[in-house]
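Here are a few notes to read alongside the coordinates. I have kept each point short so that you can check it in your viewer as you go.

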Amino acid sequence: MIAADTVTVKVKRRERPAASSYWETFNVPRVPEANVISVLQQIAAHPVTAENKKVAPVAWDCNCLEEVCGACSMVINGRVRQACSALVDKLLEEDPTQIRLEPMSKFPVIRDLVVDRSRMFEALKRVKAWIPLDGYYDLGPGPAMSEAEQELAYPLSRCMTCGCCLEACPQINERSDFIGAAAVSQAILFNAHPTGRLTAHQRLEALMAPGGIADCGNAQNCAKVCPKNIPLLASIARAGRQTTVYAIKRWLGR
Ligand code: SF4
Ligand code: SF4
Ligand code: FES
């Protein structure tokens, strides 16, 4: 029997990338308004399982602690989200018996809850998700963005490369080369920028290449799990339109 002032936390663990996963259960004192990161800190301070076995502290990743960096993304009670903004009180409303923590499944596990999100950063490189600058000297203020352009860009700029959209996407797996919704959306963000527009053709070529927009199965899971409510389906639709127009122009030699 677990006391009401105790939280039962089940953690899916793995010692190293090639090792097998296993579950361990910890009972930690319940602290008002705690988040999952503070629960993991409690376990780190006293790494003893519910069976009273002393074990290695659980490894996890975090940085900003305010849902901005995406580093603490993990699967909590079966739903991918950020550990820093997942509050214990809310999680216990979902499941009063326990909190289950698992690493994201679409990325290689490094240890315990720490995964390697390189796949996402490589995808951003593939679509050239940046504004090219011609050096580090003062280039002046640059072209102004209209209000409509700003309204399109701001929601897309909130992406924190957390990986939730890839975790939920049925098209992402070990064998697929699909870049995922986040990179598609970032290509659209930089294509909409007055300076980024000058190199839009490079991003569109990348979106049309293998692993690009054609691999999206339109299952729409990505938009449902994005913690920043980024309009990913609108970005995917825009990417489809932009690549179609670009392909026709390219065919016509314009
Ligand atoms: S719409 Fe579906 S297939 Fe396309 S990126 Fe989103 S989840 Fe993946
Ligand atoms: S689009 Fe949303 S879910 Fe995907 S990486 Fe960016 S913030 Fe995370
Ligand atoms: S620690 Fe940065 S999003 Fe959670």
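1. A word on terms before the ligands: Ala, Val, Leu, Ile, Met, Phe, Trp, Tyr, Cys and Pro count here as nonpolar, Asp, Glu, Lys and Arg as charged, and the others, Gly among them, as polar. Please also keep in mind that this is a predicted model.

2. Which residues surround ligand 1? They are C169, Q171, F178, A181, C216, G217, N218, A219, Q220, N221, C222 and I236. By class, this shell holds seven nonpolar residues, five polar and no charged.

3. Ligand 2 has 13 residues around it, and the closest are C159, C162, G163, C165 and C226. Its shell divides into eleven nonpolar and two polar residues, again with no charged ones.

4. With cysteines in both shells, you may wonder how many disulfides a search of the whole structure finds. The count is zero. C62 makes a useful example: the closest cysteine sulfur to its own is that of C72, 6.8 Å away, which is too far for a bond, given that a disulfide needs the two sulfur atoms within 2.5 Å. The two residues also sit in unlike surroundings: C62 is partly exposed, with a relative accessible area of 30%, whereas C72 is buried, at 2%.

5. On to the packing. The largest nonpolar core has 41 residues, and those touching the most other members are V127, C165, I179, V184, L207 and L232. Two or more residues come from each of helix 3 (118-126), helix 4 (147-157), helix 5 (164-168), helix 6 (181-191), helix 7 (200-208) and helix 9 (232-252). Helix 6 gives the most, with eight residues.

6. V184 is a good place to centre your view. Beyond its neighbours within four places in sequence, V184 is in contact with I179, L207, I213, S235, I236 and A239. Of these, I236 also belongs to the shell around ligand 1.

7. Apart from the largest core lies another, of 25 residues, including A34, V39, M74 and C84.

8. Helix 3 deserves a look down its axis. Its buried residues are M120, A123 and L124. They fall within an arc of 100°, so they line one face of the helix. An α-helix has 3.6 residues a turn, so residues three or four places apart point the same way. The buried residues of helix 3 pack against helix 5 and helix 6. After helix 3 comes K128, with a positive phi near 50°.

Terms used
Residues are numbered from 1 along each chain as its sequence is written. Chains are lettered from A and ligands numbered from 1 in the order in which they are written. This is a predicted model: local features need pLDDT of at least 70, side-chain atom pairs count only at pLDDT 80 or more; totals for chains, interfaces and linings use all residues. Side-chain values use heavy atoms; hydrogens and water are left out. A nonpolar core is a set of buried Ala, Val, Leu, Ile, Met, Phe, Trp, Tyr and Cys residues joined through side-chain atoms within 4.5 Å. Buried means under 20% relative accessible area, exposed over 50%, partly exposed in between (1.4 Å probe, protein chains only). Helices (H or I, at least four residues) and strands (E, at least two) are DSSP runs, numbered from the N terminus. Contact means heavy atoms within 4.5 Å. A residue is near a molecule or strand if one of its heavy atoms lies within 4 Å of it. The arc is that of the directions from the helix axis to the C-beta atoms.
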